[in-house]
Amino acid sequence: MRPAHQGAPGLAHGGVLATALDETLGSLNWLLRTIAVTGRLETDFRRPVPVGSVLHLEAEVTAVAGRKIYSTATGRLGGPEGPVAVRADALFVEVKVDHFIDNGRPEEIRVAMNDPDQIRRARAFEVNP
Ligand SMILES: CCCCCCCC(=O)SCCNC(=O)CCNC(=O)[C@H](O)C(C)(C)COP(=O)(O)OP(=O)(O)OC[C@H]1O[C@@H](n2cnc3c(N)ncnc32)[C@H](O)[C@@H]1OP(=O)(O)O
């Protein structure tokens, strides 16, 4: 957690923590080879997360039912064995690429399609799922 992530003095902002959980959960879609967006994100804030601390994030898919992907994520202070600071339950809903084409701006879609980092990220999951 960096100073830019601060909400209350010295502590990470809850919205930033929810974003970190959402991003971690969203990464699971790479493993499922599915395009999906967050439909629901329920977050528990169990301990304050100090600026300067490391948040260890872990996520797993708990169920898939049709287009619905249920998943859960945990953020622990300091490392994988640290105390749970935040957790989330999420529902992602599978969408077609049209979801972005119909609702997003063409400029950003073009940039994303040509972004080597996106391609590298997808390939990383191919070799190390
Ligand atoms: C490629 C990189 C992707 C990265 C993603 C990163 C994560 C994000 O931040 S995504 C951005 C935030 N999320 C969004 O903008 C999503 C906005 N919402 C939507 O576009 C739509 O509501 C969407 C696509 C989720 C669902 O709409 P639609 O495709 O019409 O499906 P819909 O029929 O309403 O729902 C499908 C199923 O999910 C269920 N469902 C949808 N939303 C919810 C919800 N909030 N709570 C519970 N159930 C829900 C429906 O009840 C339905 O269930 P069933 O099949 O059993 O009837």
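In the predicted model, strand β1 makes the greatest contribution to the shell around the ligand, supplying four residues. The shell as a whole comprises 13 residues, and the closest of these to the ligand are G26, V37, G39, R40 and V93. Three elements each provide at least two shell residues, namely helix α1 (14–32), strand β1 (36–45) and strand β4 (84–94). By chemical character, the shell consists of five nonpolar, four polar and four charged residues.

Between two of these contributing elements, α1 and β1, runs a loop in which T34 is located. T34 is classed as partly exposed because 16 C-beta neighbours are found inside 10 Å, whereas 20 or more would be required for a buried residue and 12 or fewer for an exposed one. When neighbours within four places in sequence are set aside, the contacts of T34 are N29, I69 and E94. Of these contacts, N29 falls within the bounds of α1 (14–32) and E94 within those of β4 (84–94). The position of T34 was also compared with that of D98, a residue 64 places away along the chain; the C-alpha atoms of the two are 14 Å apart.

The surrounding fold was then examined. The protein chain contains four helices and four strands. Their order along the sequence is α-β-β-β-β-α-α-α, so that a single helix precedes the four strands and three helices follow them. About 40 × 35 × 30 Å is spanned by the C-alpha trace along its principal axes. The protein chain has 129 residues, of which 17% count as buried. Among contacts with a separation of 6 or more, 63% join residues that are 24 or more positions apart.

At the level of domains, the protein chain is divided into domain 1, covering residues 3–95, and domain 2, covering residues 97–129. The centres of the two domains, taken over C-alpha atoms, are separated by 21 Å. T34 lies within the bounds of domain 1 (3–95), and D98 within those of domain 2 (97–129).

An annotation is also available for part of the chain. In an unreviewed UniProt entry, residues 10–72 carry the annotation "domain: Thioesterase". This span is 30% helix and 41% strand, and the C-alpha atoms at its two ends lie 27 Å apart. Both α1 (14–32) and β1 (36–45) fall within residues 10–72, whereas β4 (84–94) lies beyond the end of the annotated span.

Key:
Residues numbered from 1 in each chain as written. Predicted model: local features only at pLDDT ≥ 70, side-chain atom pairs only at ≥ 80, totals over all residues. Near = placed C-beta within 6 Å. Nonpolar A, V, L, I, M, F, W, Y, C, P; charged D, E, K, R; others polar. Contact = placed C-beta atoms within 7 Å. UniProt positions renumbered as here; feature names shortened; annotations may be inferred. Domains from an automatic or database assignment.
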